[in-house]
Amino acid sequence: MTTPTVDADTSIPECGQCWRRTFPGRADQAGHVRRFVAFLLADHPCTDDAVQAVAEMAANAIQHTRSAAPGGLFVVEVRRWRGDCVAVSITDQGGPSEPRPAEPDYLAGHGRGLHLIGATASSWSWRGGAAGRTVTAVFTPHTA
C-alpha cells in the first residue's frame, strides 16, 4: 500500500500557511485529528466548523477507503491564506466508491457527514480516483 500524496488544488492559493500530518487509518485517531486542526485554527472564527468537517472526512476515509486496511494511512492538510480563509483536506488511499452525499436517513446514525460539510463550508470538493482521493472543505469567515 502506498502513502497518500496530496496533489495541488488549483482553487486554493499556494501563499499563506500550510500544515500536513499523516495519521494511521484507525478510528482511535479521530480525536488526534480534531485536536490537530483545532490547535492550528484556534483563533479562527470557523474553527468549530472546520474541526467538524475534518472529523467527518476522517471518518469517511476510515470507513470507506483502503486507508482503513492494516498499515493504512491518511493525510490531513490545513491551509490558511489572506483574508482569513482556511481549507481542511483529507487525502486517503482510495477505494471503490466516490465521495457523494448519501440520501439522508434521519433515523440512522450515519450518512449525513457530507451534507453537514456542505451546509457549513463555503465550498467543498473532491479530486482523485480509485488509487487515492482528496476531499477539501473551504471556510471563509463571512459565510460561517
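Analyst: Two residues are in contact when they have heavy atoms within 4.5 Å of each other. Keep in mind, too, that this is a predicted model.

User: OK, what does the secondary structure of the chain come to?
Analyst: Read along the sequence, you get the pattern β-α-α-β-β-α-β-β. Tallied up, that comes to three helices and five strands.

User: In what order do the five strands form the sheet?
Analyst: It's an open sheet, and the pairing is antiparallel. The edges are β1 and β4, each pairing on one side only. From one strand to the next, the twist averages 15°. The order across the sheet is β1-β2-β3-β5-β4.

User: How many bridges join β4 to β5?
Analyst: These two strands are joined by a hairpin through two residues. β4 covers residues 123-129 and runs antiparallel to β5, and Ser-123 stands opposite Val-138 in β5. The number of bridges joining β4 to β5 is seven.

User: And which residue in β5 is the bridge partner of Thr-91?
Analyst: Look at the pairing of β5 with β3, the strand at residues 85-91. That pairing is antiparallel and runs over six bridges. The bridge partner of Thr-91 is Thr-134.

User: How many residues of β5 are buried?
Analyst: Buried means under 20% relative accessible area. β5 spans residues 132-139 and is mostly covered. Of its eight residues, the number buried is seven.

User: Now the helices. At roughly what angle do the axes of α1 and α2 cross?
Analyst: Two packed helices are described by the angle and the distance between their axes. Here the axes come within 9 Å of each other, crossing at roughly 150°. That makes α1 roughly antiparallel to α2, because angles over 145 degrees count that way. So the angle asked for is roughly 150°.

User: Which residues in α2 does α1 meet?
Analyst: α1 passes α2 in a right-handed crossing. By class, this contact has eight nonpolar, one polar and one charged residues. From α1, the residues involved are Val-33, Arg-34, Val-37 and Ala-38. In α2 they meet Thr-47, Ala-50, Val-51, Val-54, Ala-55 and Ala-58.

User: Which strands does α1 touch as it packs on the sheet?
Analyst: Start with the buried residues of α1: Gly-31, Val-33, Phe-36, Val-37 and Leu-40. Their cover includes α2 as well as strands of the sheet. The direction of α1 makes about 15° with that of β2. The strands α1 touches are β1, β2 and β3.

User: What about α2: at about what angle does this helix run to β3?
Analyst: α2 lies across β2, β3 and β5. Its angle to β3 is about 10°.

User: There's a loop between α1 and α2. Is His-44 buried or exposed?
Analyst: His-44 does sit in that loop, between α1 (30-40) and α2 (47-64). Leaving out residues up to four places away in sequence, His-44 touches Arg-80, Asp-84, Val-86 and Pro-141. Its relative accessible area is 5%, under the 20% cut-off, so His-44 counts as buried.

User: Last one: what percentage of the chain's 144 residues count as buried?
Analyst: For some background, take the contacts between residues at least 6 apart in sequence: 67% of them join residues at least 24 apart. As for burial, the share of the 144 residues is 42%.

Note on methods. Residues are numbered from 1 along each chain as its sequence is written. This is a predicted model: local features need pLDDT of at least 70, side-chain atom pairs count only at pLDDT 80 or more; totals for chains, interfaces and linings use all residues. Side-chain values use heavy atoms; hydrogens and water are left out. Helices (H or I, at least four residues) and strands (E, at least two) are DSSP runs, numbered from the N terminus. Buried means under 20% relative accessible area, exposed over 50%, partly exposed in between (1.4 Å probe, protein chains only). Axes are lines fitted to C-alpha atoms, for helices over the stretch in contact, and angles run from 0 to 180 degrees between N-to-C directions. Angles under 35 degrees count as roughly parallel, over 145 as roughly antiparallel, 65 to 115 as roughly perpendicular and the rest as oblique. A crossing is left-handed if the near helix is turned anticlockwise from the far one by less than a right angle, and right-handed if clockwise. Ala, Val, Leu, Ile, Met, Phe, Trp, Tyr, Cys and Pro count as nonpolar, Asp, Glu, Lys and Arg as charged, and the others, Gly among them, as polar. Two strands pair if DSSP finds at least two bridges between them.
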